[in-house]
Amino acid sequence: MLTVLGYLLIAVFLVLVIKKKMTPFTGLIVVSLTAGILACVVNGIPVEKILTWIREGLFYTVDAKGKVKLGTMNTTIMILFAILYFSLMMNVGLFDPLCKYLIKKAKGDPLKIIMVTAFTASVVTLDGDGTTTILIITAAFVPLFKRMGMKLSNLAMLIILPTGLGNCLPWGGPLARAAAVLNLEVNDLFVAMLPILAVSFIYVFFIAYIMGKNERKRLGYMPGEKAIVSAEQIAEMVAVIENNDKELKRPGKFIFNLILTIAMLTILILGWISGAFVFLIGTAIALAINYDAKEQRERITANGGEAIAVTSIIIAAGCFLGILNGSGMAQAIATHIASLIPESLGSHTALIFAFLGAIACYALPVDAYYFGILPVIAPLAYQFGISPNEIGIASFMGQALRYASPTVPWLFLLMDRTEMSFGDYQKEFFKWSIPMFFIFIIVAVLTGQLPL
């Protein structure tokens, strides 16, 4: 009976989210509560036991061996303050000097402009918000691309590919969702992902170089020629960067903010302190140094919307996962699926999921994928000796293809800004993203993060 209830719980949640009958936050809580009550009634368990399951999903559980597994609250705290911190760094203009310098140096060389576009998009996407990245980069570069007759389709790819990689950072969303489902520290998954992200960013700049060389040839530009773009037009591009939230810039605090950010990322990567503490303390310091009390409240309110949108889902996932695991439904589903899989294929579960998960990642909303599919696959993988980290990395392989999906609403903003149809966009995106998917797979296998 638990197996049937578990399948029903997952199916109903997926349908409600995909059909947009409920938000992920509402669906995770309402559907899991309903299934939890039914599980209690059927198995003669007191209904108040659900509160214990939810508490364990949110905070922690202690197994028979005395090992403590954290719930989703630790991840929630990290994501909340990571989003706030990087939003603050965008507000104070931490990355402005480098972006402006590169724009000025690019002048009228198509290759340099494209390389600078890729770099600027990679920097702006650090706050994990795709919409903001699109608005800033298109405002700065669309007029320049049009003035020079450069392909806007290249601009779209130079925005979306770095944004896809930026989405794999700890505060991007998917990493937090996977960590919540697998009871892992976000730091652990992030460190495991670093080689994959590093090689993928190199690939993005290689793509940019190829695009730039092709544009030089198509436009007939020879290095050393007089710039096609005037000094006034370059100044206009720089002004877009300078005037974005101009009143919030703190150029006088640049050195402090740079040192603080480098120190925090170093501590996070080395795993000295939990990411929740790193960003909690870092956000408080950044607010105190850059703004007065009134401005601090305004920054928290202004930047908190995106943070709450993500963290509320992670909290709801704690309820969902607590009931799914505490009631025994997760284990019942895993046992049933394991009985259907030949023993010879069991050890390849992570690799198989990397490929099948890519299709699911493309077809489903991100919450449906991580909270509807991953909780079913993870216990199954454990039965074949695959670790939470390994199945977590496998779940990320599909992120390389994620931004071809029509379930990502702000993609249509990008297509509008770069004057592309959805069909043209997908054709161009898959040309570059499919090789990136295989880069994800190959690097993960070579670094031992994805078992064969």
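How many positive and negative side chains does the chain have, and how far apart do the centres of the two sets lie? There are 33 positive and 27 negative side chains, and the two centres are separated by 5 Å. The model on display is predicted.

**The whole chain**

Begin with the complete chain in a cartoon representation. Its secondary structure consists of 21 helices and two strands. Aligned along the principal axes, the C-alpha atoms occupy a box of roughly 80 × 55 × 40 Å. The radius of gyration is 23 Å, which agrees with the value near 22 Å that a compact globule of 452 residues would have.

Next, switch to a surface representation. The accessible surface amounts to about 19000 Å², and carbon and sulfur atoms contribute 68% of that area. Colouring by relative accessibility will bring out the buried residues, which constitute 54% of the 452 residues. A contact map is a useful companion here: of the contacts with a separation of 6 or more, 78% are between residues 24 or more positions apart.

**Helix α19**

Select residues 388-396, which form helix α19. This helix is mostly covered, with eight of its nine residues buried. The buried set includes two residues with acidic or amide side chains, Glu390 and Asn389. Ile391, Gly392, Ile393, Ala394, Ser395 and Phe396 are also buried.

**Leu414 and its surroundings**

Move on to residues 411-417, helix α20, and pick out Leu414 within it. Is Leu414 buried or exposed? Leu414 is buried, because its relative accessible area is 0%, under the 20% cut-off.

Which residues does Leu414 touch, leaving aside those up to four places away in sequence? Display Ile134, Ala156, Ile159, Ile160 and Tyr425 as sticks to see these contacts. For Ile159, draw a C-alpha to C-alpha distance to Leu414: the two residues are 8.6 Å apart in space, although 255 residues apart in sequence.

**The cysteines**

Finally, select the cysteine sulfur atoms. A disulfide is a covalent bond between the sulfur atoms of two cysteines. The count of disulfides in this model is zero.

Centre the view on Cys319. Why does Cys319 form no such bond? The closest cysteine sulfur, in Cys40, is 14 Å from the sulfur of Cys319, and this is too far for a bond, since the cut-off is 2.5 Å. Cys319 counts as buried, at 11% relative accessibility. End the tour at Cys168, which also counts as buried, because its relative accessibility is 0%.

Notes
Residues numbered from 1 in each chain as written. Predicted model: local features only at pLDDT ≥ 70, side-chain atom pairs only at ≥ 80, totals over all residues. Heavy atoms only, no water. Helix = DSSP H or I, 4+ residues; strand = E, 2+ residues; numbered from the N terminus. Buried < 20%, exposed > 50% of the residue type's maximum accessible area, 1.4 Å probe, protein only. Contact = heavy atoms within 4.5 Å. Rg over C-alpha atoms; globule rule 2.2 N^0.38 Å. Areas by Shrake-Rupley, 256 points an atom, 1.4 Å probe, with all protein chains shown as cover. Lys, Arg positive; Asp, Glu negative; His and termini not counted. Charge placed at Lys NZ, Arg CZ, Asp CG, Glu CD.
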